[in-house]
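Student: I would like a close look at one part of this protein, the buried helix and the core around it. Could you walk me through that part and then show me how the rest of the chain connects to it?

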Amino acid sequence: MSRNQTRQRRRQEALARQAAERRRRDRRRRLQIAAALAALALATLAVIAISRAGHSREAPAALPGMQTGPAPWGANTADLAARLRAIGVPPLDPVEGTAVHIHQHLDIYVDGRKVPVPALIGIDPAAGFAPLHVHDTSGVIHVESPTVRSYTLGQFFAVWGVRLTPSCLGGDCAGSGRALRVYVNGRLDQADPTTLVLEPHQEIVIAYGTVAQLPSPIPSSYRFPPGE
C-alpha cells in the first residue's frame, strides 16, 4: 500500500471516528433533553396535583356568608350548613361527639381593643352542632368529634364564617405598621394561623395591630371551669 493510500485510509478512519463521536454526542443530548422534558412534565403534574389538593376545599373568602368586614362579628349561623359542607366537616349526630371532647380559650384584639367572641358560634337549629362550636360569650371553644381526629383554628374560623388568613382577620389586613399575630399559651406562633392544631386547654390570642397595641401582658392561660 502506497504512502498516499495509507494517509487516505487514516484520514477516512479519523473522519469515521469523528462521525461516530458526533452521533454519540447527539444521542446523549437527545437523551438529556428527553429526561429534562420528562422531569418538567412530572414537576408540572406535581404542581397541578398540589394546587388541586390545596383548592379541594373552598378558600375562606369564598365560603358562604363569610364576614370580611371590620370587627365585631356575629355568630353568623345563617349559612352554617353550607360552610360545613364546603369544608367537609359534618355536623354532630345527634348533638355531641365523645371520641374527642376538648376545649380552648380564644382572645381577639383589634387595634388594641378586645373583640367579643359571640355565643352560639357553630350552633343552629337547622344545621345542628358543628364539631367546633361556642356556647356562651366566655371565648371557650368546644371541640367535639365522634371520631379521633384533629381540628385547626382555620376550621373554627370557617365554621364561624370570619375570614382568617396569615395576614387578614375579617376586614383588617397587614400593612402600614399593622400585622396579624397569634400567640399560643403566651408564645408567638409564626406559622400560618389557619393550620394551628387545636389542643386541650390552649390559650389562643389573635391580635391585629401595631406592636404598641398588643395586650400587655399577652394572656398565657385561662382558668377553665371544672370538667372542661
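Tutor: Happy to. Helices here are DSSP runs of H or I with at least four residues, strands are E runs of at least two, and both are numbered from the N terminus. Please keep in mind that this is a predicted model. Read along the sequence, the chain runs α-α-β-β-β-β-β-β-α-β-β-β-β-β, with three helices and eleven strands in the protein chain. Of its 228 residues, 38% are buried. Among contacts with a separation of 6 or more, 67% are between residues 24 or more positions apart.

Now to the helix you asked about, α3. Eight of the eight residues of α3 are buried, so the helix is largely enclosed by the rest of the structure. You can pick them out as Leu153, Gly154, Gln155, Phe156, Phe157, Ala158, Val159 and Trp160. The cover over these buried residues includes α2, β1, β5 (132–133), β6, β7 (168–169) and β11. Just after α3 comes Gly161, with a positive phi of about 80 degrees.

The helix leads us straight to the core. The largest nonpolar core has 41 residues, and those with the most contacts inside it are Leu106, Ile108, Phe156, Phe157, Leu169 and Ile206. At least two residues of this core come from each of α2 (80–87), β1 (100–110), β6 (140–145), α3 (153–160), β9 (179–184) and β11 (202–209). The biggest giver is α3, with six residues. As a general background point, nonpolar side chains in soluble globular proteins tend to be buried together.

Leu169 makes a good vantage point within this core. Setting aside residues up to four places away in sequence, Leu169 touches Trp73, Ile108, Val110, Phe157, Val162, Arg163, Leu164, Leu180 and Ile206. Apart from the largest core lies another one, of five residues, including Tyr109, Tyr183, Val205 and Ala207.

Right beside Leu169 in the sequence is a cysteine worth a look. A disulfide joins Cys168 to Cys173, with an S to S distance of 1.9 Å, and a search of the whole structure finds one disulfide. The torsion about its S-S bond is about 110 degrees, so the disulfide is right-handed. Its two ends sit in unlike surroundings: Cys168 is buried at 9% relative accessible area, whereas Cys173 is partly exposed at 30%.

Next, the charged residues. The structure holds two salt bridges. In one of them, Asp107 pairs with Lys114, with the closest N and O atoms 2.9 Å apart. Asp107 is buried, with a relative accessible area of 6%, while Lys114 is exposed at 54%. In the other, the side chains of Arg178 and Asp111 meet at 3.0 Å, N to O. Arg178 lies in the loop between β8 (172–173) and β9 and Asp111 in the loop between β1 and β2, so this pair ties together parts that are 67 residues apart in sequence. Arg178 is partly exposed, with a relative accessible area of 31%. Asp111 also has a positive phi, near 55 degrees, although it is a residue other than glycine.

Glu203 tells another story. This residue lies in strand β11 and is buried yet has no salt bridge; the nearest side chain of opposite charge, Lys114, is 7.1 Å away. What the side chain of Glu203 does have is a polar contact of 2.8 Å with the side chain of His105. Leaving aside neighbours within four places in sequence, Glu203 is in contact with several residues, among them His105, Asp107, Tyr183 and Tyr222.

Finally, a few backbone details. A cis peptide bond joins Ala71 and Pro72, with omega about 0 degrees, and Pro72 is placed in the loop between α1 (3–54) and α2. That loop also holds Asn76, a residue other than glycine whose phi is positive, near 60 degrees. Asn76 is buried, with a relative accessible area of 18%. Another cis peptide bond joins Ser216 and Pro217, again with omega about 0 degrees, and Pro217 is found in the segment after β11.

Terms used: Residues numbered from 1 in each chain as written. Predicted model: local features only at pLDDT ≥ 70, side-chain atom pairs only at ≥ 80, totals over all residues. Heavy atoms only, no water. Disulfide = S-S within 2.5 Å. Buried < 20%, exposed > 50% of the residue type's maximum accessible area, 1.4 Å probe, protein only. Core = buried A, V, L, I, M, F, W, Y, C linked by side-chain atoms within 4.5 Å. Contact = heavy atoms within 4.5 Å. Lys, Arg positive; Asp, Glu negative; His and termini not counted. Salt bridge = Lys/Arg side-chain N within 4 Å of Asp/Glu carboxyl O. Polar contact = N/O pair within 3.5 Å; in protein donor to acceptor, adjacent residues only side chain to side chain.
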